[in-house]
Amino acid sequence: QVQLVESGGGSVQAGGSLRLSCAASGRAVSMYTMGWFRQAPGKERDLIATVTWNGGSADYADSVKGRFTISRDSAKNTVYLQMDSLKPEDTAVYYCAASWGSRWIRPDYWGQGTQVTVSS
């Protein structure tokens with residue numbers, strides 16, 4: 001069992017930055033590939049970034065590539081999502097998720113979500 005707790009959401013103007021954190025606890029946390037999803041009102045929950053257990057490989061959706069950076073601190077069991085050059089269309093609830101193994105397959109555990117609102 002893995003528990004995920006997100007923090008760092010809030011409101012920001014377009015062009016600004018936010019950093020989300022996801023604190024993981026539980027059994028064998030370091031064996032999970034971690035990801036960030038987001039869900040805007042009326043839309044599906046989309047995977048936007050993943051990072052492998054050792055932080056050596058990261059992948060991004062085209063919508064955030066070049067603006068967002070995912071990283072993990074294995075010593076702290078924490079995953080981060082640095083969001084720069086934010087746009088109003090980035091407004092969504094952001095969820096941290098964990099997928100068992102060395103690459104992303106599917107979410108096995110979810111966090112509770114944190115709201116990000118970007119105003120124009």
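1. Throughout this note, a residue is called buried when its relative accessible area is under 20%, exposed when over 50%, and partly exposed in between, with a 1.4 Å probe and protein chains only. The structure is a predicted model, in which local features need pLDDT of at least 70 and side-chain atom pairs count only at pLDDT 80 or more, while totals for chains, interfaces and linings use all residues. Residues are numbered from 1 along each chain as its sequence is written, and side-chain values use heavy atoms, with hydrogens and water left out.

2. Strand E7 is a convenient place to begin. Strands here are DSSP runs (E, at least two residues), numbered from the N terminus. In a regular strand the side chains alternate between the two faces of the sheet. Along E7, Phe68, Ile70 and Arg72 point to one face and are buried, whereas Thr69, Ser71 and Asp73 point to the other face and are not buried. I would draw attention to Arg72, which is listed with the buried side chains of this strand.

3. E7 belongs to an open sheet of four strands in the order E1-E3-E8-E7, with antiparallel pairing; two strands are taken to pair if DSSP finds at least two bridges between them. The edges are formed by strand E1 (2-7) and strand E7 (68-73), each of which pairs on one side only. Neighbouring strands of this sheet are turned by 15° against each other on average, direction ignored, where the axes are lines fitted to C-alpha atoms and angles run from 0 to 180 degrees between N-to-C directions. Strands of a sheet pair through backbone hydrogen bonds, either parallel or antiparallel.

4. At one edge of the sheet, E1 and strand E3 (residues 18-26) pair in the antiparallel sense over six bridges, and Ser7 stands opposite Ser21 in E3. Ser21 counts as buried, at 16% relative accessibility. Not counting residues up to four places away in sequence, Ser21 touches Val5, Glu6, Ser7, Trp36, Thr78, Val79 and Tyr80, a contact being heavy atoms within 4.5 Å.

5. At the other edge, E7 and E8 run antiparallel and are joined by six bridges, with Thr78 in E8 as the bridge partner of Asp73. The two strands form a hairpin with four residues between them, and Asn77 in the turn has a positive phi of about 50°.

6. Two further hairpins involve strand E5. E4 and E5 run antiparallel and are joined by six bridges, Arg38 stands opposite Asp46 in E5, and in their hairpin, which has five residues between the strands, Gly42 takes a positive phi near 75°. E5 also pairs with strand E6 (residues 58-60), in the antiparallel sense over three bridges, and there Ala49 stands opposite Tyr60 in E6. The hairpin of E5 and E6 has six residues between the strands, and Gly55 in its turn has a positive phi of about 75°.

7. The largest nonpolar core has 29 residues, and those with the most contacts inside it are Leu4, Met34, Trp36, Leu81, Met83 and Tyr94. Such a core is a set of buried Ala, Val, Leu, Ile, Met, Phe, Trp, Tyr and Cys residues joined through side-chain atoms within 4.5 Å. Leaving aside neighbours within four places in sequence, Leu4 is in contact with residues including Cys22, Met34, Cys96, Tyr109 and Trp110.

8. The structure holds five aromatic pairs. Rings of Phe, Tyr and Trp (its six-membered ring) pair if their centres lie within 6.5 Å, and planes under 30 degrees apart count as stacked, over 60 as edge-to-face and the rest as tilted. Phe37 and Trp104 form a tilted pair, 5.7 Å centre to centre with 50° between the planes. Phe37 lies in strand E4 and Trp104 in the loop between E9 and strand E10 (109-110), so this pair ties together parts that are 67 residues apart in sequence. Both Phe37 and Trp104 are buried.

9. The rings of Tyr95 and Trp110 have centres 6.2 Å apart and planes at 85°, so this pair is edge-to-face. Tyr95 is buried, with a relative accessible area of 12%, whereas Trp110 counts as partly exposed at 35%. Phe37, Tyr95, Trp104 and Trp110 form one aromatic cluster.

10. Arg45 deserves a look alongside that cluster. Arg45 lies over the face of Tyr95, at 3.6 Å from the ring centre, and its charged end also sits over the ring of Trp110, 4.6 Å from the centre. The criterion is that NZ of Lys or CZ of Arg is within 6 Å of the ring centre and within 35 degrees of the ring normal.
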